[in-house]
Amino acid sequence: MRASLFFAGILASLLLHSQTLLAQQPVADGVEMADRLRADGKIWVVVAVIAAVFIGIIVYLVRLDMRLGKLEKDIHTHSPQEQDVRLR
């Protein structure tokens, strides 16, 4: 449940930011570095690396949330006396 809300928030955020980026006017002369990367076909390497890092962070956060949820569930299912013993 939390993961789906998290992904929905990320998707909404990306969609809102993409509209702003697309609304910008192109530079008259262009950006030399970006033009060179596009001409060489290396821009896709940059995009792939950024996407891989972003996906890695998302996977890490989802797994961390799942682990924390499991720990919270374990804490709530045990009796209060067991919790006192575990905390000491």
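## Helices and confidence

A helix here is a DSSP run of H or I covering at least four residues, with numbering from the N terminus. Going by that, the protein chain in this predicted model has four helices and zero strands, so the pattern along the sequence reads α-α-α-α.

How sure is the predictor? The mean pLDDT of the protein chain is 78, and 70% of its residues make it to 70 or more. Among the elements, helix H3 comes out highest with a mean of 93, while helix H4 (residues 80-87) sits lowest at 59. Where pLDDT is low, the predicted coordinates shouldn't be read in detail.

## Surface at a glance

There isn't much hidden away in this chain: 3% of its 88 residues count as buried. The accessible surface adds up to about 8200 Å², and carbon and sulfur atoms own 67% of that.

## The nonpolar patch

Part of the surface is a nonpolar patch with about 990 Å² of accessible area together. Its members are Phe6, Phe7, Val45, Val49, Val53, Ile57, Tyr60, Leu61, Leu64, Leu68 and Leu71. Helix H1 (2-22) and helix H3 (43-77) are the elements that give two or more residues to the patch. Of the contributors, H3 gives the most, with nine residues.

Leucine 64 is a handy one to click on. This residue lies in helix H3 and belongs to the nonpolar patch. Is leucine 64 buried or exposed? Neither, strictly speaking: with a relative accessible area of 34%, leucine 64 is partly exposed, because that label covers values between the 20% and 50% cut-offs.

## Threonine 77

Now over to threonine 77, which also has its place in helix H3; that helix spans 43-77. Threonine 77 has a relative accessible area of 57%, so the residue counts as exposed, the cut-off being over 50%.

What does the side chain of threonine 77 reach? The partner is the backbone oxygen of aspartate 74, at 3.0 Å. So threonine 77 pairs an exposed position with a side-chain contact to the backbone of aspartate 74.

How values were computed: Residues numbered from 1 in each chain as written. Predicted model: local features only at pLDDT ≥ 70, side-chain atom pairs only at ≥ 80, totals over all residues. Heavy atoms only, no water. Patch = residues over 30% accessible without salt bridge, like charges linked within 9 Å, V, L, I, M, F, W, Y side chains within 5 Å. Areas by Shrake-Rupley, 256 points an atom, 1.4 Å probe, with all protein chains shown as cover. Salt bridge = Lys/Arg side-chain N within 4 Å of Asp/Glu carboxyl O. Buried < 20%, exposed > 50% of the residue type's maximum accessible area, 1.4 Å probe, protein only. Polar contact = N/O pair within 3.5 Å; in protein donor to acceptor, adjacent residues only side chain to side chain. pLDDT = per-residue confidence, 0-100.
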